[in-house]
Amino acid sequence: VAGPPAPIGRIALASALVAGLIAVALAVTVVNYRNAVDARQRAADAMGDVAAARSAEKYLARERETVGDAVLGLHPFRSDLLAPRALLRSELSTVGIAEPSERRLVRAALRANEGVNAIFADATRLEDRRLAAFRIFDLRLDRWQEGVLAPLRLLVSANNRELALIEASATRSSRRAFLFAIFAGAIAIAGGLGFGMYADSLVREIAARNKQLRRLDRMKDDFVSAVSHELRTPLTSIRGYLDLLLDGEAGSLTDEQHHFLTIAGRNADRLLRVAGDLLFVAQVEAGTFSLQRQPGELDELVRQAVDAARPAAAEKGVELEAEPDGLFEVDVDHARLAQVLDNLLSNAVKFTPAGGHVTVRTRRRGESVALEVVDDGMGMSESELEHLFQRFYRTSGAIGQAIQGTGLGLTIAKAIVEAHDGRISVMSSPGDGTTFSVELPLVRALVAA
Amino acid sequence: VSETEPRSRPLVLVADDDRDILQLVSFRLERADYEVVQANDGEEALRLVKELRPDLAVLDLMMPKLNGYEVIREIRRDEETKAIPVILLTARVQEADVARGFEAGADDYLKKPFSPQELRARVQAILGRR
């Protein structure tokens, strides 16, 4: 199934997109929130300015009262009025007025007082003083009007305008921050929902695909089982009727007739084995083959397999020996392990020329027992060893010398050994023989090696 | 052949939809000195079992109309026939099929292909047991 990469790519892309959108929305939110906070700070400052301007106005009102009192002779003329600068400054400092506004105010106040001081210095007589007082009053009034009050009013109105602007900008910023926060949340929710729905559909799709695969697997299983059945039934007839002829049920046979019928029978058997091997491989792949384990001595299983392989070895002129090295108890499916041994031994005999040797050894290897089938036959190249346990693989030697086989024997051997939690491996080089090694978990060693 | 007549030789019913195998098995059993009656499908097999009460039934697993499992179940359901031993003939070699055969009530099974010796030995084992 070549499906998975595409959906995973799509998920990654969608996740990145959603994450990006959320990040952008959050960034906009943060920037706007900061703007709003800054605007609020500036608004607070401006409000301080306004407060200072108001207090300055209050001060002016008080001063006018004092001057008025002085003019009417109701109140002694206070000398501190001559230097309103300090008063003004202290007045300003109590409200923590902003620097530019302060300078403007102070400068205005000073300008007003300079004129006052000059006029007052010239007036020596009471009448003059009174006159001077009026003049001062007028002058101060004018000067305060134009120098202090007007700028103050301007300042207040400017501050008010600025305040309104800042307020508006702060409101806009915080509204934007709020909108984008909602936007980010909405994207996150939509992304989450979309992702969830997509993941759900993907899981469903995978489940459906798995179901289909299982169905196909079952179909293949049924198919192989049916083919095996369909092959087996006619082969049963062929084998059965050949046996009838060979048993002389249809009259006595000449030696040649007997020989030919024997060959036909051997080939019917071969076809039956192929059908059986195919069925077995299909069962292994479908996972429907199971082991019937039973404790037993490995040595005994080896002896039986060697005995079974002896006629073929003798016919080919290959010397076959068993060299057990101690008695080992193993927990195995005896019929299946016999199948492994038969496969390995028949291979060794098939690929070893006349006069060669095939030896079966057993030895302890840690918590396992190793069973080795060693031959001094034709051997194999490294590139062939790589494919040796693949289904239907046949070595160049097997094909070149027309050695019979389906290329399923070692696949089956490997499946059986691995089902026993064992390991099968091979060592070989061309012309130098081959050693197959099967490692099986050891129950116990009955006789120390 | 009639159920009331005393039999000199044991009667074996053989059922298989494959005529070649049916004749092969019949021939081998006749050679082993059994009397044989043949059926070509499950329904005929069941009818003959009820009519003739054979000493043994050799049934193929895959047959039209009634398969081997169904025939065994019917035989076991009837008081009159439930003691008749049954050997299943099967070309299917999966363990589950064999287990299912025993569950249905088979006494033994024989995998195709089988040697004449194996057939004779299994039939003798069951009929000798009685």
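A salt bridge here is a side-chain nitrogen of Lys or Arg within 4 Å of a carboxyl oxygen of Asp or Glu. Keep that in mind as we look at this predicted model, starting where its chains meet.

**Where chain A meets chain B**

Asp247(A) and Arg28(B) fit that rule: their side chains form a salt bridge, 2.9 Å from N to O. Across the interface of chain A and chain B there are three salt bridges, and the count of residue pairs in polar contact is four (both at pLDDT 80 or more). On the chain A side, helix 4 (126-246) and helix 5 (255-286) are the elements that give two or more residues. Helix 4 of chain A gives the most, with ten residues. Sorted by type, that side of chain A has four nonpolar, ten polar and five charged residues. In total, 19 residues from chain A and 18 residues from chain B take part in the contact, and the two chains bury about 1,700 Å² between them, 54% of it on carbon and sulfur atoms.

**The sheet in chain B**

Now for chain B itself: five strands line up as an open, parallel sheet in the order 2-1-3-4-5. Strand 2 (35-39) and strand 5 (108-111) each have a single partner strand, so one side of each has no neighbour in the sheet. Neighbouring strands are turned by 20° against each other on average, direction ignored. Strand 4 (residues 86-90) and strand 5 of chain B are joined by four bridges, and Ile87(B) has Asp108(B) as its bridge partner.

Two helices of chain B pack on this sheet:

| Helix of chain B | Strands touched | Angle with strand 2 |
|---|---|---|
| Helix 1 (residues 19-31) | strand 1 (11-15), strand 2, strand 4 | about 170° |
| Helix 2 (residues 42-52) | strand 1, strand 2, strand 3 (56-60) | about 140° |

Conventions:
Residues numbered from 1 in each chain as written. Chains lettered and ligands numbered in written order. Predicted model: local features only at pLDDT ≥ 70, side-chain atom pairs only at ≥ 80, totals over all residues. Heavy atoms only, no water. Contact = heavy atoms within 4.5 Å. Buried area = accessible area lost by both parts, 1.4 Å probe. Polar contact = N/O pair within 3.5 Å; in protein donor to acceptor, adjacent residues only side chain to side chain. Nonpolar A, V, L, I, M, F, W, Y, C, P; charged D, E, K, R; others polar. Pairing = 2+ DSSP bridges. Axes fitted to C-alpha atoms, helices over the stretch in contact; angles between N-to-C directions.
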